[in-house]
Amino acid sequence: MTPYPFSAVVGLDDLRLALLLTAVSPAVGGVLVRGEKGTAKSTVVRALAALLPEVAVVRGCRFACDPAAPDPGCPDGPHEAGAPHGHRPATLVELPVGATEDRVVGTLDIQRALADGVKAYEPGLLATAHRGALYVDEVNLLPDHLVDLLLDAAAMGRAHVERDGVSVKHAARFLLVGTMNPEEGEPRPQLVDRFGLVVTVAAPRDAGQRAEVVRRRLAYEAGPDSFAARFAADEIALAARIVTARAAVPSVHLPDAELDRIARVCLAYGVDGMRADIVVARCAVALAAWHGRDRVTAGDVRDAARLALPHRRRKDPLDPPGTDEQRLEQALDEAGGDEPDDDPPPPLDPGGDGPDDPPPPPDAGGGGPDDSGPAGPEAGPGDAPAPDSGDEQPRQTPAQGGAAPAGAAYRPRTLRIAARGEGGHAGRRSPAFARRGRVVGSRVPRGKLSGAPHLPATLRAALHRGETRVEPRDLRESVHVGREANLVLFVVDASGSMAARKRMTVVKTAVLSLLRDAYQRRDRVGMITFRGSSAEQVLPPTSSHEVGVLRLASLRTGGRTPLAAGLRQAAATIATERRRDPRRRPLLIVVTDGRATSGPDPVLMAPALAGVATVVVDCESGPVRLGLARRLAAALDADVMPLEALAADGSLRRAA
């Protein structure tokens, strides 16, 4: 099917410009696109592929070597000068969320390497994307080690595969684009920082622009070829402009005055490290080349900073992400750069709005053709502004509308599931069989070798047959034990007894600390509170720990204590999640003093939670203690931990 034309996209000016700049200069470092569902993120990225210049490739080379400068380390090489070659369109490779490491970087056939001494390598997606584009939808849901592989390859321009002493390297230079929905959780700040540019998109808030989005989408679905033909001239012009700008990048001059301005902007904005300065410089050079200038101007620096800096101030991993526009403007003003340019640049809109179409209103939001559903919700938790100060400070969750505040988070003791799991989700919490980790044994592979070979066991199998040559039937693979991520479900007492004893601040701080710990260990989290006569699921299981922090901050207290209702809701939630993801084991954390002043005896809920690993955090305080939390823990076959013992360094005990 004919792809949707890039120049037919309505609005989304920042996104289109960011993609075009990375096409002009892949050294900028790729683009991360954040936005709610239905904002045409995927449509715009896929449309970019048609604009990328064709590439010349050596015939028969699986790694798309350039005949003018072939990779001397190409596994299919060496390629001689003047080798037969041809041309092909630049490829757009899509990386699925469920991809394995072997699928991304390629696989080495260890069986042939051991048995025949042949280094047989099957290229992965990084090789396919070489000299093209690699698109990762829902990049925030990819395992961390895969994201690290992608960003390392994008930064170094090479992929490296090594297994048990057999290694292969090949060129892997590509335009990296990731998209994500913040509602599904934020990636680590360290990973976001590795993307050169980050753009946040939203559905348009202008009725006329929304109508135009729908009009174009319906026209495209009615006749993709005829619709694309309407924008063919614009597409050709954009593609030619990319080629011209790409060729001009090496000759663009970055004056020392503008380089000094970049350094002052980054210092004033409070970013860490030097990556921000380098990306802003590269982006400014690409902007100058895109606008046909041979030198970088103050305007280029301002525009580059707006694309490359806002996401780099997030200090705490649980800080709400987003753009602190006021702080950025202040940093730009402090660095100067408002002087008019001698040669003002043309408008930043990288593509036309198409023939016979009115331009969108200047203040309208972005939009796109991918979905024609209703407008997205107002800015959610993931779009909250970042704190004003760039300095490291203890987290202090403010009271909201009378809700008790939380104190500064601390490092809690590690709560984990004692039994060894099957390693369904890589993480850092509970022990589980895994593809990497401590070797605890060997086994006969089920079919093709899926992990690292266990060489001593392989040799023993060959010697057992009386042979000195290893055959495929002798191969044994290693069995590893590592760590897995879990579903951490909090059940929190929010009844009036907590507020009366002023314990809610201490409890919120404990839950906040456990939320931070769950983030660091790559867990999914959920939260249930109980008060009055019922329980409420205030946070359905999610990877968005930031939403959990916001839900916790607004948590109110009052009423009676329906502890049994909270446990009943937890059992229902765990049953639902087991049907959705049976390989993710749940860890239930019940934060209560064990009192139940409403509903049935909570001990009666124990059969519904049989087999669920549970920790009861005992919040009871005072000189006289009834031990009701311990009674509950015994019924649930759970571990019990006094709230004062939760801090790993024992600071809560000393404070008590």
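Where is Arg 131 found? Select it and you land in the loop between helix 5 (125-129) and strand 7 (133-137). Keep in mind as you click around that this is a predicted model.

**Stop 1: two arginines with unusual backbones**

Stay on Arg 131 for a moment and look at its backbone: phi is positive, about 70 degrees, although the residue is not a glycine. Most residues other than glycine have a negative phi, and most peptide bonds are trans. With a relative accessible area of 21%, Arg 131 counts as partly exposed.

Now jump to Arg 522. Here phi is near 65 degrees, again a positive value in a residue other than glycine. Arg 522 lies in the loop between helix 17 (504-520) and strand 16 (524-531).

**Stop 2: the parallel sheet**

Go back to strand 7 and bring up the sheet it belongs to. This is an open sheet of 5 strands in the order 4-7-10-1-11, and the pairing is parallel. Strand 4 (92-95) and strand 11 (197-201) are the edges; each has a single partner strand, so one side of each is left without a neighbour in the sheet. On average, neighbouring strands here are turned by 20 degrees against each other, direction ignored.

Zoom in on strands 7 and 10 (residues 175-180): they run parallel and are joined by 5 bridges. For a handy landmark, select Ala 133, which stands opposite Leu 175 in strand 10.

**Stop 3: a cis proline and a cysteine pair**

Next, select Gly 77 and Pro 78. The peptide bond joining them is cis, with omega about 0 degrees. Pro 78 lies in the loop between strand 2 (55-58) and strand 3 (85-88).

While you are in this stretch of the sequence, pick out the cysteines. How many disulfides does a search of the whole structure find? The count is 0. Cys 65 is in no disulfide, and the nearest cysteine sulfur, that of Cys 74, is 3.6 Å away. The cut-off for a disulfide is sulfur atoms within 2.5 Å. Cys 65 counts as buried at 3% relative accessibility, and Cys 74 counts as buried at 5%.

**Stop 4: an aromatic cluster around Tyr 4**

Head for the start of the chain and show the side chains of Tyr 4, Tyr 220, Phe 227 and Phe 231. Ring pairs link these four residues into a cluster. The count of aromatic pairs comes to 4. One of them is Tyr 4 with Tyr 220, an edge-to-face pair at 5.0 Å centre to centre with 65 degrees between the planes. Tyr 4 lies in the segment before helix 1 (13-24) and Tyr 220 in helix 8 (residues 207-222), so this pair ties together parts that are 216 residues apart in sequence. Both of these tyrosines are buried.

Turn the view to see the pair of Tyr 4 with Phe 227. This one is tilted, at 5.3 Å centre to centre and 45 degrees between the planes. Phe 227 lies in helix 9 (residues 224-230) while Tyr 4 is in the segment before helix 1, so the pair ties together parts 223 residues apart in sequence. Phe 227 is buried, as is Tyr 4.

**Stop 5: arginines over rings**

Select Arg 241 and Trp 290. The charged end of Arg 241 sits over the ring of Trp 290, 3.9 Å from the ring's centre. Then move on to Arg 420, which lies over the face of Phe 433, at 5.4 Å from the ring centre.

**Stop 6: the antiparallel sheet**

Phe 433 is a good lead-in to the next sheet. Here 3 strands form an open sheet in the order 12-14-13, with antiparallel pairing. Strand 12 (426-434) and strand 13 (438-443) are the edge strands, each pairing on one side only. Neighbouring strands in this sheet are turned by 35 degrees against each other on average, direction ignored.

Strand 13 runs antiparallel to strand 14 (residues 477-484), and 5 bridges join the two. Click Gly 441 and look across: Val 479 in strand 14 stands opposite.

**Last stop: a β-α-β unit**

Finish by selecting strand 19 (residues 613-618) and strand 20 (residues 639-642), which run parallel and are joined by 4 bridges. Val 616 stands opposite Val 640 in strand 20. Add helix 20 (residues 628-636) to the selection: with strands 19 and 20, this helix makes a right-handed β-α-β unit.

Definitions and conventions:
Residues are numbered from 1 along each chain as its sequence is written. This is a predicted model: local features need pLDDT of at least 70, side-chain atom pairs count only at pLDDT 80 or more; totals for chains, interfaces and linings use all residues. Side-chain values use heavy atoms; hydrogens and water are left out. Rings of Phe, Tyr and Trp (its six-membered ring) pair if their centres lie within 6.5 Å; planes under 30 degrees apart count as stacked, over 60 as edge-to-face and the rest as tilted. Buried means under 20% relative accessible area, exposed over 50%, partly exposed in between (1.4 Å probe, protein chains only). A charge sits over a ring if NZ of Lys or CZ of Arg is within 6 Å of the ring centre and within 35 degrees of the ring normal. Two strands pair if DSSP finds at least two bridges between them. A crossover is right-handed if, with the strands pointing away from the viewer, the path from the first strand over the helix to the second runs clockwise. Axes are lines fitted to C-alpha atoms, for helices over the stretch in contact, and angles run from 0 to 180 degrees between N-to-C directions.
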